[in-house]
Amino acid sequence: MSTYRIITYGCQMNERDSETIAGILTERGYRRAGKDEDPDVIVLNTCCVREGAERKIFGKVLELKALKARHPGAIIAVVGCLPQQPGAAESIARKLVHVDIVLGTHNIERIGEAVERVAASRCQFVEVIDHETAPKEGLPSVRAPGVRAWLTVMYGCDNFCSYCIVPYVRGRERSRLPGEIKAEVERLVSGGFKEVVLLGQNVNAYGRTLGTGEDFTTLLRDVDSVKGLARTRFMTSHPRDFTQEMVVAVRDLPTVCEHIHLPVQSGSNTVLERMNRGYTREQYMDLASRIREAMPDSSLTTDIIVGFPGEDEREFADTMDLVKRLEFDAAFTFMYSPRKGTRAAQMPGEVPFSTKKGRISELIKVQNEITQKKNRELAGRVFEVLVEGPSERDPSVMAGRTRQNKMVHFRSDRPPGSLVNIRITSTGTWTLRGEVQE
Ligand code: SAM
Ligand code: SF4
């Protein structure tokens with residue numbers, strides 16, 4: 001039996017797409033290659049959101065020349081966001097002749113056919129379509145094992161934040177039909193999954209393109225009503241589209257977890273304006289306080305970019321000030337990376353790398369202190385934890401998450417998928433430790 005390996009870069013949407021690629025290859029008779037095996041087909045499902053990601057992927061593609069030398073029949077595929085950029089697919093195919101297949105984001109389901117054509121002809125298969133396609137239903141998938149399933153509810157993004165390549169490579173926003181989503185949740189639950197994570201680049205804009213009046217709140221209600229589902233999560237929310245009804249729905253629906261990932265990107269109004277984010281620092285802070293008022297036990301996490309074009313000391317100080325005031329549970333921090341074709345890439349005022357580096361270090365230091373402090377406050381309290389399985393780092397303990405998405409390690413013989421009450425005994429930056437509370 002021929003084998004495949006998929007290496008996924010980037011966001012959870014890419015993880016989900018890789019499950020579809022795995023499903024398609026499995027249907028065609030391939031099996032996942034073992035850890036020490038040279039696969040017959042290797043698929044790199046790529047990301048281009050920052051230059052660092054691209055560099056890493058090109059490094060990996062070059063490394064795969066050695067695989068081709070050991071196993072000349074191996075098929076190498078580069079798919080997804082990176083080749084979807086204008087001109088990128090042709091350039092990959094021309095300069096990296098050991099790459100056999102190049103597909104963009106709108107036609108990854110062609111992977112099965114591409115592999116068979118290359119196996120038969122040994123010619124390159126390069127196919128990128130420059131317009132988005134309607135959400136495709138009914139594609140096979142091999143889900144990553146575990147208690148949590150990714151579920152894409154909408155594709156693309158219409159926001160055009162000035163720094164971001166996503167709308168160009170993922171196309172315009174389009175939502176799946178609520179009936180399809182609910183049916184998928186039901187299948188996942190009967191397949192043993194306990195938690196679903198609803199995915200969209202701007203998930204709380206769900207429904208806008210349907211024109212039926214359905215929105216993210218009605219979707220949350222639909223999903224929450226599925227019998228046997230323990231938890232619903234969602235990401236990523238855009239602050240501008242987070243309505244008060246959504247706050248209330250998250251508070252009231254039993255399966256919907258009280259964790260909101262709400263990228264702020266900057267604490268400066270002038271930078272937010274240049275980023276085309278569509279909200280002010282005051283509006284963001286107001287939303288954060290309404291979320292916390294409705295759900296005092298919720299967790300709030302964010303994304304922040306430092307070194308956006310023209311970001312001066314005062315603007316960066318505004319970001320630091322917002323971070324200190326809001327005390328996020330965690331923040332993903334990024335140095336601005338210019339992306340060809342985006343508006344920000346044309347903006348004056350490039351921030352030197354050393355300044356970006358200094359700013360990100362300062363931000364990470366302060367945020368880590370906040371995260372540690374917030375976690376220390378959880379010591380002694382009891383939280384519902386969904387058991388995921390043995391911890392990767394220390395298999396002698398079990399790992400699971402609280403509804404607030406905090407990772408907890410504890411000793412227990414309860415199987416994965418169980419809900420247990422855990423009293424927190426000690427805390428760190430990334431994990432908490434606890435013991436089962438009978
Ligand atoms: N749609 C989501 C949102 O609005 O936050 C996620 C988009 S992106 C895949 C994830 C994060 O990458 C963004 O929130 C932003 O902080 C960061 N990002 C996007 N473009 C970037 C760029 N050009 N340079 C640095 N960070 C970037
Ligand atoms: Fe990119 Fe902004 Fe869309 Fe997020 S909301 S994917 S940051 S354009």
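## Exercises on ring pairs and a helix crossing

At 0% relative accessibility, Y284 is classed as buried in this predicted model. Let's start from that residue and work outwards.

**Exercise 1.** Classify the ring pair of Y284 and F328, and say which parts of the chain the pair ties together.

*Solution.* A pair of aromatic rings is described by the distance of the centres and the angle of the planes. The count comes to seven aromatic pairs. For Y284 and F328 the centres are 6.2 Å apart and the planes make 65°. Planes over 60 degrees apart count as edge-to-face, and the pair is indeed edge-to-face. Next, place the residues: Y284 lies in helix 11 and F328 in the loop between helix 12 and strand 14, so the pair ties together parts 44 residues apart in sequence. F328 is buried too, with a relative accessible area of 0%.

**Exercise 2.** Do the same for F308 and Y336: what is the geometry of the pair?

*Solution.* The centres lie 5.4 Å apart and the planes stand at 70°, so this pair is edge-to-face. F308 sits in the loop between strand 13 and helix 12, and Y336 in the loop between strand 14 and helix 13, 28 residues apart. F308 is buried at 0% relative accessibility, and Y336 is buried at 7%. Finally, Y163 joins F308 and Y336 in one aromatic cluster.

**Exercise 3.** Describe how helix 1 and helix 5 cross.

*Solution.* Their axes come within 9 Å and cross at roughly 50°. That angle makes helix 1 oblique to helix 5. The crossing is right-handed. At the contact, I21, I24 and L25 of helix 1 meet I111, G112 and V115 of helix 5. Sorting the contact residues gives five nonpolar, one polar and no charged.

How values were computed:
Residues are numbered from 1 along each chain as its sequence is written. Chains are lettered from A and ligands numbered from 1 in the order in which they are written. This is a predicted model: local features need pLDDT of at least 70, side-chain atom pairs count only at pLDDT 80 or more; totals for chains, interfaces and linings use all residues. Side-chain values use heavy atoms; hydrogens and water are left out. Axes are lines fitted to C-alpha atoms, for helices over the stretch in contact, and angles run from 0 to 180 degrees between N-to-C directions. Helices (H or I, at least four residues) and strands (E, at least two) are DSSP runs, numbered from the N terminus. Angles under 35 degrees count as roughly parallel, over 145 as roughly antiparallel, 65 to 115 as roughly perpendicular and the rest as oblique. A crossing is left-handed if the near helix is turned anticlockwise from the far one by less than a right angle, and right-handed if clockwise. Contact means heavy atoms within 4.5 Å. Ala, Val, Leu, Ile, Met, Phe, Trp, Tyr, Cys and Pro count as nonpolar, Asp, Glu, Lys and Arg as charged, and the others, Gly among them, as polar. Rings of Phe, Tyr and Trp (its six-membered ring) pair if their centres lie within 6.5 Å; planes under 30 degrees apart count as stacked, over 60 as edge-to-face and the rest as tilted. Buried means under 20% relative accessible area, exposed over 50%, partly exposed in between (1.4 Å probe, protein chains only).
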